[in-house]
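Dear colleague,

Please find the structure below. A short account of what was found in it follows.

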Amino acid sequence: MAAEVSFDVASPAGPRTATISYARAGAGEPLLLLHGIGHHRQAWDPVVRILAAEYDVIAVDLPGFGASPSLPDGLAHDLPTVVPALGALCRALGIERPHVAGNSLGGLLALELGREKLARSITALSPGGFWTPAERRYAFGTLLAMRQGARLLPVPVIERLSRSAAGRTALTSTIYARPWRRSPDAVVAETLALRHATGFAATLTAGRDLPMGEDVTGLPVTIAWGNRDRLLVPRQGIRAKRAIPGARLIRLTGCGHVPMNDDPALVARVILDTCRAAKAPAQELDHARVQSTSR
């Protein structure tokens, strides 16, 4: 069931109150799920039930997406602001250093939470930030075109298209390798989420001059990339591995940019393996990393 929580975020002009919408399920150690730009927390629905069998799963709508309003005036939708805001969100929810899994923008945020020692394990699915200038221009141009399409299509047309496999493919094939698997209601909801995302422009602008992140140390990190990702091409995973040498790099066969829908069982297993690695002795974790990089 969806809920909201409000909390203070620091700004140069003093604290500002932000509000985040989230859904929570399961019990155990906390596991925070972060979606990509233009999407909403329901992107994680295909895997939540599996993850909630072992963990306290909190899927959030990032600021300016889904049911969450944009950050208050004076707060930028950039990493130096959103990452501390997510830390404040965790404190407001009474959780400390959750496991974090993120997709695309959410993967970028997850890695930054790891760098700031605000997480106990990180699973980043096709995280942003490991592109060349040309790849970034392509990805951002594609996102802008998707946004424009979502804003221009009348709602009855979106609803009609979503009722057929061909229509769902036309609407969502950029982010899914198997778009026909998404339900008609889900396709309508995520298209409208993209249409109404108040934080879209500010978030995209903040990502234009994003430096490639530094290493993430002291916790298990998995970087997973769909081999059919058409938005952030899979070779970016190699760069991510070079930037974070201790991470394991996993190929998600048959998956697109938002892999939770393409293969829920595989994605859930990757996340669960990473969470469990946080409990493993250091020598077992080192061995697992060697094994993953030798595949």
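A residue is called buried when its relative accessible area is under 20%, exposed when over 50%, and partly exposed in between, using a 1.4 Å probe and protein chains only. By this rule Cys275 counts as buried, because its relative accessibility is 1%. Cys90 also counts as buried, since its relative accessibility is 6%. In the protein chain, buried residues make up 56% of the 295 residues.

The model is predicted, so local features need pLDDT of at least 70 and side-chain atom pairs count only at pLDDT 80 or more, while totals for chains, interfaces and linings use all residues. Residues are numbered from 1 along each chain as its sequence is written, and side-chain values use heavy atoms, with hydrogens and water left out.

A disulfide is a pair of cysteine sulfur atoms within 2.5 Å. The search of the whole structure finds zero disulfides. Cys90 is in no disulfide, and the nearest cysteine sulfur, in Cys275, is 13 Å away. Why does the sulfur of Cys275 form no bond with that of Cys90? The two are 13 Å apart, which is too far for a bond.

As for the fold, the protein chain has 12 helices and eight strands; these are DSSP runs numbered from the N terminus, helices being H or I with at least four residues and strands E with at least two. Its C-alpha trace spans about 55 × 50 × 40 Å along the principal axes. Of the contacts (heavy atoms within 4.5 Å) with a separation of 6 or more, 71% are between residues 24 or more positions apart.

Yours sincerely
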